[in-house]
Amino acid sequence: MSKVTVMTHPLIQHKIGIMRQKTTSTKEFRDLVAEVAMLICYEATRGLPLADIEIETPLVKTTVKEIAGKKLCIVPILRAGLHMADGILNLIPNAKVGHIGMYRNEETLEPVEYFCKLPKDAADREIFVVDPMLATGGSAIAAINQLKKRGINHIHFLCLIAAPEGLEAFQKAHPDVEIFVGALDEKLNDKGYILPGLGDAGDRIYGTK
């Protein structure tokens, strides 16, 4: 079963609390998405391996640490994942970025893929798939299915809010993918939205509701 890390850091809890409020402006919501994504990524990259390298400071030669092994790639699920990717790029500016386009059929609640573009060496990279909401889990599961079909296996999933139903479905579908969640909420409603949630993340990011 997938390892799940639910964030307990006070800054993350505080910022998600502001995001939940319906009075939070589009600009503030957008900024908070990027900030919380960066904080979650800080935790998600805790296990990256390090190697020693020798450098020269202005005073002496010394040995310091650098990230070893595979390089990183951020893969937002369009469109709502884009601002999470922006936040993570503030922390890891040299990461490459791929994109997967998914939308949810509002009648069947099933994901529909419409776009996939990845770096050519994605299979050699540590992949961080990002999407603000893990509701039914359908879009995230389908996105990672597409990655695995392309021979990509070093995958982590980051989201702001998850429902227990979506988390369970994701774990069953991809038990090898580590999951990092900003907040684990109560349940889904009959329309597949997370409660208490924060509304439709894409609409709130882009002001399209």
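**Exercise 1. Establish which residues of helix H3 are buried and what they pack against.**

*Solution.* Step 1: in helix H3 (residues 82-91), the buried residues are His83, Met84, Ala85, Gly87 and Ile88. Here, buried means under 20% relative accessible area, exposed means over 50%, and partly exposed lies in between (1.4 Å probe, protein chains only). Helices (H or I, at least four residues) and strands (E, at least two) are DSSP runs, numbered from the N terminus.

Step 2: these buried residues of H3 pack against helix H2 (26-44), strand S4 (72-78), strand S8 (126-130), S10 and H6. Contact means heavy atoms within 4.5 Å.

The model is predicted: local features need pLDDT of at least 70, side-chain atom pairs count only at pLDDT 80 or more, and totals for chains, interfaces and linings use all residues. Residues are numbered from 1 along each chain as its sequence is written, and side-chain values use heavy atoms, with hydrogens and water left out.

**Exercise 2. Describe the surroundings of strand S10 and identify its partners.**

*Solution.* Step 1: of the 8 residues of S10, 8 are buried, so the strand is largely enclosed by the rest of the structure.

Step 2: S8 pairs with S10 in the parallel sense over 4 bridges; two strands pair if DSSP finds at least two bridges between them. Within this pairing, Phe128 has His156 in S10 as its bridge partner.

Step 3: strand S9 (residues 133-134) also runs parallel to S10, joined by 2 bridges, and Met133 stands opposite Ile161 in S10.

Step 4: strand S10 (residues 155-162) is joined to S11 by 6 bridges, again in parallel. Leu158 has Phe180 in S11 as its bridge partner, and Ala162 has Leu184 in S11.

Step 5: two right-handed β-α-β units involve S10: one consists of S9, helix H4 (residues 138-149) and S10, and another of S10, helix H5 (residues 164-173) and S11. A crossover is right-handed if, with the strands pointing away from the viewer, the path from the first strand over the helix to the second runs clockwise.

**Exercise 3. Set the burial and pairing of strand S11 beside those of strand S2.**

*Solution.* Step 1: strand S11 (residues 178-184) is mostly covered, with 5 of its 7 residues buried. Strand S1 (residues 4-6) runs parallel to S11 and is joined to it by 3 bridges; Val6 stands opposite Val181 in S11.

Step 2: strand S2 (residues 50-56) has 7 residues, of which the number buried is 0, so S2 lies largely in the open. S2 pairs with strand S3 (residues 61-67) in the antiparallel sense over 7 bridges. Glu54 stands opposite Thr63 in S3, and the two strands form a hairpin with 4 residues between them.

**Exercise 4. Is Lys15 buried or exposed, and which residues does it contact?**

*Solution.* Step 1: Lys15 is found in helix H1 (residues 10-20). Because its relative accessibility is 18%, Lys15 counts as buried.

Step 2: leaving aside neighbours within four places in sequence, Lys15 is in contact with Leu32, Glu35, Val36 and Leu39.

**Exercise 5. Characterise Glu165 in the same manner.**

*Solution.* Step 1: Glu165 is found in helix H5 and is partly exposed, with a relative accessible area of 34%.

Step 2: apart from its neighbours within four places in sequence, Glu165 is in contact with Ala135, Thr136, Lys187 and Leu188.

Step 3: the C-alpha atoms of Glu165 and Leu50 are separated by 36 Å, and these residues are 115 residues apart along the chain.

**Exercise 6. Locate the cis peptide bonds at Arg79 and Pro196, and examine Gly199.**

*Solution.* Step 1: the peptide bond from Leu78 to Arg79 is cis, with omega near 0°. Arg79 lies in the loop between S4 and H3.

Step 2: Leu195 and Pro196 are joined by a cis peptide bond, with omega about 0°. Pro196 lies in the loop between S13 and H6.

Step 3: Gly199 is found in the loop between strand S13 (194-195) and helix H6 (201-206). At 40% relative accessibility, Gly199 counts as partly exposed. Its C-alpha atom and that of Thr24, 175 residues apart along the chain, are separated by 12 Å.
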